[in-house]
Amino acid sequence: MDHHSGHSDAAKSTPGQAIPLFPTVCFVAEHQDAEELNEAIKTYCLEQEKTAAGIESGSIEGGYHSSREFFDSEHVAVQKLKELLLEDARQYLGHYWKQESTTPLGSMGDLAMRMTGWSVILRQGNVSKPHTHPGAQLSGVYYVSTPQDQNDGGELVLADPRIRATVAPLVGQKSNALFPPRAGVTILFPSFLEHYVLPFKGSGERISIAYNIVLSPKSLQSD
Ligand SMILES: [Fe+2]
């Protein structure tokens, strides 16, 4: 329209567009028919707890935190789980990369992913305090054994990284996201995302395998 014609050229607007600018892409994968695998991993973890000294993680209070070489074992079930969790991480990377990078993932060639993992065994009253996983890009947790009762606690909490978002909260402000632990489920999130585990109140053990993925150096800097 001619801006000098004097006609009402002011008010033809198309609807504005929402732009989700910095969403934090996380990932959940449910594995069916994992009972046998979980049973084998559970047995392995409880045995490892008895025979191998755990490490101070700085985040868990009580409970057992294995060394970070969990996946170095040649145990068949451990290697099977490693493949499964790597595949989950590959899928997640596709989604995460698309959100985070202006460079198409497909143009990056074969991106190596280095994986380290450890087992965490929590019992009644144990928690994991807020922490992040420095030095990695992707982090995840897989639940091996979790009591059925919904009142057993032990939820994973992913904290809203927008630390100022709750200064003036809306009604029903979405803030920290809670994930009740469920055996056979993998949850992946960016390693920078602060997370913690609410006190476990069930009987027996809450067993999970946590892991970090470090991407190959070529994925981490532009040229
Ligand atoms: Fe963690």
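Two strands count as paired here if DSSP finds at least two bridges between them. Keep in mind throughout that this is a predicted model.

**View A. The whole chain, end to end.** The protein holds two helices and eleven strands. Reading from the N terminus, the elements go β-α-β-β-α-β-β-β-β-β-β-β-β. A compact globule of 223 residues would have a radius of gyration near 17 Å, but this protein comes out at 22 Å. Along the principal axes, its C-alpha atoms fill a box of roughly 85 × 45 × 35 Å. Just 27% of the 223 residues count as buried. Among contacts with a separation of 6 or more, 87% are between residues 24 or more positions apart.

**View B. The five-stranded sheet and its edges.** This open sheet has five strands in the order 2-5-10-7-8, with antiparallel pairing. Strand 2 (60-61) and strand 8 (177-179) sit at the edges with a single partner strand each, so one side of each has no neighbour in the sheet. Zoom in on strand 2 and you find two bridges to strand 5 (residues 127-131), running antiparallel. Glu 61 has Val 127 of strand 5 as its bridge partner.

**View C. The six-stranded sheet.** Here the open sheet runs 1-9-6-11-4-3, again with antiparallel pairing. Strand 1 and strand 3 (64-65) are its edge strands, each pairing on one side only. Strand 6 and strand 11 are joined by seven bridges in the antiparallel sense, and Leu 138 has Ile 213 as its bridge partner in strand 11. Helix 1 packs on the sheet, touching strand 3, strand 4, strand 6 and strand 11. The direction of helix 1 makes about 95° with that of strand 6. Helix 2 packs on the sheet too, in touch with strand 1, strand 4, strand 6, strand 9 and strand 11, and its direction makes about 140° with that of strand 6.

**View D. Strand 9 and its two partners.** Strand 9 is well tucked in, as six of its six residues are buried. Four bridges pair strand 9 with strand 1 in the antiparallel sense, and Val 28 stands opposite Ile 187 of strand 9. Strand 6 is joined to strand 9 by five bridges, also antiparallel. Within that pairing, Leu 138 is bridged to Pro 190 of strand 9.

**View E. Helix 2, along its length.** At 1.5 Å a residue, the 25 residues of helix 2 should span 36 Å, and its end C-alpha atoms are 35 Å apart, which agrees. Its buried residues are Val 78, Leu 81, Leu 85, Asp 88, Ala 89, Tyr 92, Leu 93 and Tyr 96. What covers them includes strand 1 (27-30), helix 1, strand 4, strand 6, strand 9 and strand 11.

**View F. The largest nonpolar core, with Ala 89 in it.** This core has 35 residues, and Ala 89, Leu 138, Val 144 and Ile 209 touch the most other members. Elements giving two or more residues to the core are helix 1 (35-51), helix 2 (76-100), strand 4 (113-122), strand 6 (138-145), strand 9 (185-190) and strand 11 (206-215). Helix 2 gives the most, seven residues. Setting aside neighbours within four places in sequence, Ala 89 is in contact with Met 113, Leu 138, Gly 140, Leu 188 and Ile 213.

Key: Residues numbered from 1 in each chain as written. Predicted model: local features only at pLDDT ≥ 70, side-chain atom pairs only at ≥ 80, totals over all residues. Core = buried A, V, L, I, M, F, W, Y, C linked by C-beta atoms within 7 Å. Buried ≥ 20, exposed ≤ 12 C-beta atoms within 10 Å, placed from the backbone. Contact = placed C-beta atoms within 7 Å. Expected span 1.5 Å × (residues − 1). Rg over C-alpha atoms; globule rule 2.2 N^0.38 Å. Axes fitted to C-alpha atoms, helices over the stretch in contact; angles between N-to-C directions.
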